Amino acid sequence: FKDDFSDAEIERGFEMAKALGAPAITAWANVKVVPRVAPVAARHKMKVGMHNHSRIDPNEFATPASMTDAAKAPGGFIPINLDIGHFTAANFDAVAFLREHHARIVTLHIKDRRRNDGPNMPFGQGETRIGAVLGLLRDHGWPIPTNIEYEYKGGDTVEEVRRCFEFCRRELES
């Protein structure tokens, strides 16, 4: 959902999601479009989890305030799709944010990145606190779906995703 989307394009996104049987939409969107998306989400009774990135800009979801402000939209249909790798790269603490705002988070994207808008890294080689985030979900029983995002330069995609999954499993078992 971008600023230049027409009302018909916003509406069509919800129609497609409903046709697919999706319970929610996760979206990369501009901050300024939320007042146009929120009433459509409420009318369709479908949540739209706004996905963050690491680029700090007033019209991008990147800071804690940009996400929590959007989540305050009337109706409660604009929760957060927290990408912990991007959050780390933007120099914020995903663990602290999750502790405080877990009730507003509809899904998590799990990847490892370095701070200061650093690169995507193989799991365990960046600065994202993946284990601490997964531990919070486990220890508190928060039912937040998580998605592994394989975005670093690696070898065979299937093997790399398997390594990511095994890293997450080991972190949860520790």
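**Exercise 1. Disulfides**

Task: Find how many disulfides this predicted model holds, and check Cys164 and Cys168.

Solution:
- Start with the total: the structure holds zero disulfides.
- Take Cys164. Its nearest cysteine sulfur belongs to Cys168 and lies 7.0 Å away.
- Apply the cut-off. A disulfide needs two cysteine sulfur atoms within 2.5 Å. Cys164 is in no disulfide.
- Turn to Cys168. The nearest cysteine sulfur is that of Cys164, 7.0 Å away, and Cys168 is in no disulfide either.

**Exercise 2. Cysteine exposure**

Task: Decide whether Cys164 is buried or exposed, and do likewise for Cys168.

Solution:
- Recall the limit: buried means under 20% relative accessible area.
- Cys164 has a relative accessible area of 1%, so Cys164 is buried.
- Cys168 has 9% relative accessibility, so Cys168 counts as buried.

**Exercise 3. The faces of helix H5**

Task: Work out which residues of helix H5 (residues 94-101) are buried, and which are exposed on the other side.

Solution:
- List the buried residues: Ala94, Val95, Phe97, Leu98 and His101.
- Look down the axis of H5. These buried residues fall within an arc of 165 degrees, so they line one face of the helix.
- Now take the other side of H5. Arg99 and Glu100 are exposed there.
- Ask what the buried residues pack against. Their helix partners are H3 (64-71), H4 (84-89) and H6 (130-140). Their strand partners are E3 (80-83) and E4 (105-110).

**Exercise 4. The start of H5**

Task: Find which backbone nitrogen a side-chain oxygen of Asp93 reaches at the start of H5.

Solution:
- Begin at Asp93 and pick its side-chain oxygen.
- Follow that oxygen to the backbone nitrogen of Val95, which lies within 3.0 Å.
- Link this to the previous exercise: Val95 is one of the buried residues of H5.

**Exercise 5. The cavity**

Task: Say how many cavities of 30 Å³ or more a search of the whole structure finds, and name the residues that line the largest cavity.

Solution:
- The search finds one cavity of 30 Å³ or more.
- The largest cavity holds about 30 Å³ of space.
- Its lining includes Phe92, Asp93, Ala94 and Val95.
- Thr88, Arg115, Thr128 and Arg129 also line the cavity.

**Exercise 6. Gly126**

Task: Locate Gly126, then find which residues Gly126 contacts beyond its neighbours within four places in sequence.

Solution:
- Gly126 sits in the loop between strand E6 (120-121) and H6.
- Compare Gly126 with Arg114. They are 12 residues apart in sequence, and their C-alpha atoms are 4.9 Å apart.
- Leave the sequence neighbours aside. Gly126 contacts Asp112, Arg113, Arg114 and Met121.

Key: Residues numbered from 1 in each chain as written. Predicted model: local features only at pLDDT ≥ 70, side-chain atom pairs only at ≥ 80, totals over all residues. Heavy atoms only, no water. Buried < 20%, exposed > 50% of the residue type's maximum accessible area, 1.4 Å probe, protein only. Helix = DSSP H or I, 4+ residues; strand = E, 2+ residues; numbered from the N terminus. Arc of directions from axis to C-beta. Contact = heavy atoms within 4.5 Å. Polar contact = N/O pair within 3.5 Å; in protein donor to acceptor, adjacent residues only side chain to side chain. 1 Å grid on protein atoms, 1.4 Å probe; cavity = no way out; pocket = protein on both sides within 12 Å on 5 of 7 lines; lining within 4 Å. Points joined across faces, edges and corners; volume = space filled by probe spheres on them.
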